[in-house]
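Q: I've got a protein model open and I'm not sure how to read it. Can we go through a few features together?

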Amino acid sequence: MREKRQGLTVSEVLASRQQHGENVLTPPKRPSMWLLYLDKYKDPMVRILLVAAVVSLVLAFIKQDFIETIGIISAIILATTVGFYFERDAARKFDVLTQMGEEQLVKVLRDGHIQEIPRREVVVGDEVIVEPGDEVPADGKLLEANDLQVDESSLTGELLTNKSLLDANSSTSKEGDAEEAYAKNMLLRSSLVMAGTGSYVVTAVGDETEIGHVARHSTEITGVKTPLNLQLDRLAKLISKVGSSVAIASFLLFLGHDILTNDLWQTDDYLSMLEVVLKYFMMAVTLIVMAVPEGLPMAVTLALALNMRRMLKSNNLVRKLQASETMGAVTVICTDKTGTLTENRMTVVEVYEGKGKSVDTRDKLYKAIALNTTATHDVGNPTEQALLRWMKAEGADYQQLRNDNPITAREPFSTELKYMTTTVGNTLYIKGAPEIVMAMCRLSDEHRQEAETMLHDWQQHAMRTLAIAQDKTLLAIVAISDPLRQEVPAAIRQCERAGIDVKIVTGDTTATAMEIARQIGLTSDASANGDGSITGAEFAAMSDDEARKRIGGLKVMSRARPLDKQRLVSLLQQQGEIVAVTGDGTNDAPALNRAHVGLSLGSGTSVAKQASDITLIDDSFRSIVQAVMWGRSLYKNIQRFIFFQLVVNVTALLLVFFGSFVGTELPLTITQILWINLIMDTFAAMAMASLPPSREVMKERPRSPEAFIITKGMMRGIATIGGIFFLITFAMLWYFERIAGVDPVELTIFFCIFVMLQWWNLFNARSLGSHYSSFHRLWACRGFLLVLVLILIGQWLIVTFGGKIFRTVPLSWEVWLYIIIGTSPVFWIGEIWRKLKR
């Protein structure tokens with residue numbers, strides 16, 4: 001006889017809450033807005049710009065000219081502010097998406113009475129009563145279980161798990177076994193009661209629950225740097241070394257030349273000596289400042305921000321700017337099964353009714369399903385929901401059948417009997433495991449053989465099967481499964497063509513996981529043999545060295561627990577892989593956080609979303625392929641901007657260096673340099689950032705994480721084009737100063753030629769990394785064309801109306817034509833080169 005339980009008293013509740021705390025998950029600590037903004041200054045290129053700004057400021061006080069300093073500081077503020085704004089905007093949208101309520105009412109036994117209290121007020125020691133449709137509010141150990149079935153997919157990926165007291169005293173009740181992620185006699189917070197009833201005593205609340213432990217792992221700081229950060233680190237170091245080396249060498253060379261040729265070291269005029277030293281020091285500082293591509297941080301930020309906005313329009317919420325680019329570098333995607341590859345919605349796939357199918361037998365089947373279930377089409381046991389949805393699709397009204405046929409008796413489903421019965425008048429309806437129900441029915445040998453053959457085929461494909469009978473007549477055998485999302489197989493094939501290894505990591509059974517792998521094309525059959533499949537328990541038992549040898553060819557990890565997924569991601573990263581993890585459940589959160597890019601589903605749990613970098617609002621697996629394409633295209637756009645700007649920087653550096661050597665001055669005013677900087681920085685950044693993604697990139701292998709962002713081909717191009725531009729402009733400079741004489745017309749022509757060389761080179765930069773002509777899909781690049789037009793109009797306006805401010809004079813249309821045509825070989829030579837490489 002059941003012992004009468006009283007539950008906790010008021011004083012016991014207060015004492016428990018004092019000791020264990022409230023039943024609330026601690027939200028991840030968010031940094032202040034100022035810290036978020038200052039975090040933008042950790043970018044390696046921004047840091048090198050800060051150094052350049054300080055040096056430029058010192059030089060500005062000496063020269064009493066602050067224009068260059070203002071330009072650098074403006075570039076820093078613009079780049080950091082744009083990045084900060086877009087991340088804050090995404091965070092606000094994310095908060096709306098992931099609102100959680102802790103006020104959900106829960107039934108508990110206290111002081112001998114059943115009470116309803118908010119979920120947050122549940123304490124350790126409370127006895128909680130659960131019924132179909134309830135969300136389990138805290139972890140605990142079962143006291144009673146009546147045919148209890150729960151959905152643990154948010155923690156394990158398992159859609160339906162039977163809970164009982166049977167193993168309450170066994171060793172596996174604490175740790176589970178190879179086929180159970182968690183013990184059968186334990187209920188876990190966030191799981192859903194799908195059928196049956198029960199009560200349990202709470203053993204853990206809040207952060208001490210299993211979901212709390214997972215959430216903690218999902219918010220730990222991992223210290224994993226993105227591939228782009230690593231590349232920009234290397235670029236910043238290279239620019240620092242090159243700029244510093246050239247500056248120091250120039251300072252020593254020119255100062256040594258003056259000392260040796262002018263007997264400077266023998267003079268007593270220390271003031272003159274100081275002026276010479278200061279002159280060459282200022283030249284060296286100028287070289288350092290000019291070596292820094294101050295537009296790069298803004299270009300990277302603008303490209304990432306535009307990409308973020310475009311992805312949001314297609315229902316992909318990018319929470320961290322660089323996540324969209326990092327997707328382009330991924331080499332491995334570890335994906336959950338339930339809700340990611342599948343619809344997380346049990347569906348009737350096939351119905352076998354034998355050779356005696358008729359309108360009469362179909363009506364009997366409808367009645368058997370409607371009366372011998374306790375669910376509705378959207379609430380209750382998911383298997384029963386699937387049957388009722390099928391009936392509804394067939395045009396049958398299950399609710400009307402229930403109203404017309406009052407139930408006489410019912411025996412609920414139990415794991416021991418493996419079937420349930422409902423009696424209506426003198427008619428007995430049976431539903432359960434096919435082998436049990438078929439043994440209770442009268443079947444001909446032919447009928448039995450046919451049914452068993454069909455049953456074997458369905459079970460081989462990891463489908464759930466049910467037999468439905470009326471009295472001793474078999475009405476049907478039904479195959480039910482959680483169907484694949486339609487777009488998944490094609491998306492998987494695209495990932496594989498792009499050189500990305502896809503692995504399924506799920507808490508579901510091995511047979512089900514392997515069948516899904518077969519359906520999407522990851523494996524040729526659904527067998528669990530070989531190195532392609534492993535269980536979470538087997539993986540956990542391996543040493544790190546053993547696991548590293550195994551994970552390369554791994555395609556499926558079944559019965560995986562949260563920390564198994566996290567460990568897999570860490571080991572893959574140790575092997576140099578760039579890892580993306582997809583998932584919708586709390587069980588995915590630690591791996592989502594550990595990965596280079598975490599991709600949560602919009603329908604997933606809040607813990608998973610908090611741990612992710614990108615949320616796929618529409619739950620579309622196809623969006624992952626789109627994200628890879630965007631990421632790869634975006635990386636190429638960043639390379640294009642670097643190529644363009646470094647060509648300009650190399651030209652300017654050589655002009656300053658050799659100009660100082662031969663005693664010439666750079667014939668550009670401060671205002672002209674500001675306009676050129678605007679073209680180099682803002683306009684070029686806009687042009688490259690606006691280029692649309694190219695599907696070509698999905699035919700390439702993932703780039704190596706070790707590969708430098710400036711390829712050998714880019715280096716040759718920068719050196720060659722920069723050198724040619726230098727020779728052209730230096731020759732003009734020499735001619736104007738030494739032979740023709742310098743007047744406003746020549747200086748205006750020089751200014752226009754310098755700008756138009758860069759204008760034509762924008763076409764070469766756009767085609768970098770492609771053998772296609774610059775005309776290919778040119779009209780689709782509206783942003784790029786707009787920038788080209790703006791530069792031309794701006795240059796004409798400055799030359800025509802700039803006057804004394806820009807030190808320009810109007811030029812005739814013939815001169816403009818000569819300049820445009822004369823600089824166009826920059827474009828045509830590039831076209832010829834690309835054609836030869838095709």
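Q: Let's start with V789: what does its relative accessible area say about how exposed V789 is?
A: Keep in mind that this is a predicted model. The idea is that under 20% counts as buried and over 50% as exposed, with partly exposed in between. V789 has a relative accessible area of 42%, so it is partly exposed. You'll find V789 in helix α27, residues 782-801.

Q: Which residues form a nonpolar patch on the surface with V789?
A: The partners are I793, W796, L797 and F801, and together the five side chains' residues have about 500 Å² of accessible area.

Q: Now the sheet. In what order do its eight strands come?
A: Strands in a sheet pair through backbone hydrogen bonds, parallel or antiparallel. Here the order is β8-β21-β20-β19-β9-β16-β18-β17, an open sheet with mixed pairing. β8 (316-318) and β17 (533-535) are the edges: each has a single partner strand, so one side of each has no neighbour in the sheet. On average, neighbouring strands are turned by 20° against each other, ignoring direction.

Q: How does β8 pair with β21?
A: They run antiparallel, joined by three bridges. N316 sits opposite L616 in β21.

Q: And β19, which strands does it pair with in the parallel sense?
A: β9 (residues 332-335) pairs with β19 over four bridges, with V332 matched to V579. Strand β20 (residues 597-601) also runs parallel to β19, again with four bridges, and A580 stands opposite V597.

Q: Are the faces of β19 covered or open?
A: Both are covered: V579, V581 and G583 are buried on one side, A580 and T582 on the other.

Definitions and conventions
Residues numbered from 1 in each chain as written. Predicted model: local features only at pLDDT ≥ 70, side-chain atom pairs only at ≥ 80, totals over all residues. Heavy atoms only, no water. Patch = residues over 30% accessible without salt bridge, like charges linked within 9 Å, V, L, I, M, F, W, Y side chains within 5 Å. Areas by Shrake-Rupley, 256 points an atom, 1.4 Å probe, with all protein chains shown as cover. Salt bridge = Lys/Arg side-chain N within 4 Å of Asp/Glu carboxyl O. Helix = DSSP H or I, 4+ residues; strand = E, 2+ residues; numbered from the N terminus. Buried < 20%, exposed > 50% of the residue type's maximum accessible area, 1.4 Å probe, protein only. Pairing = 2+ DSSP bridges. Axes fitted to C-alpha atoms, helices over the stretch in contact; angles between N-to-C directions.
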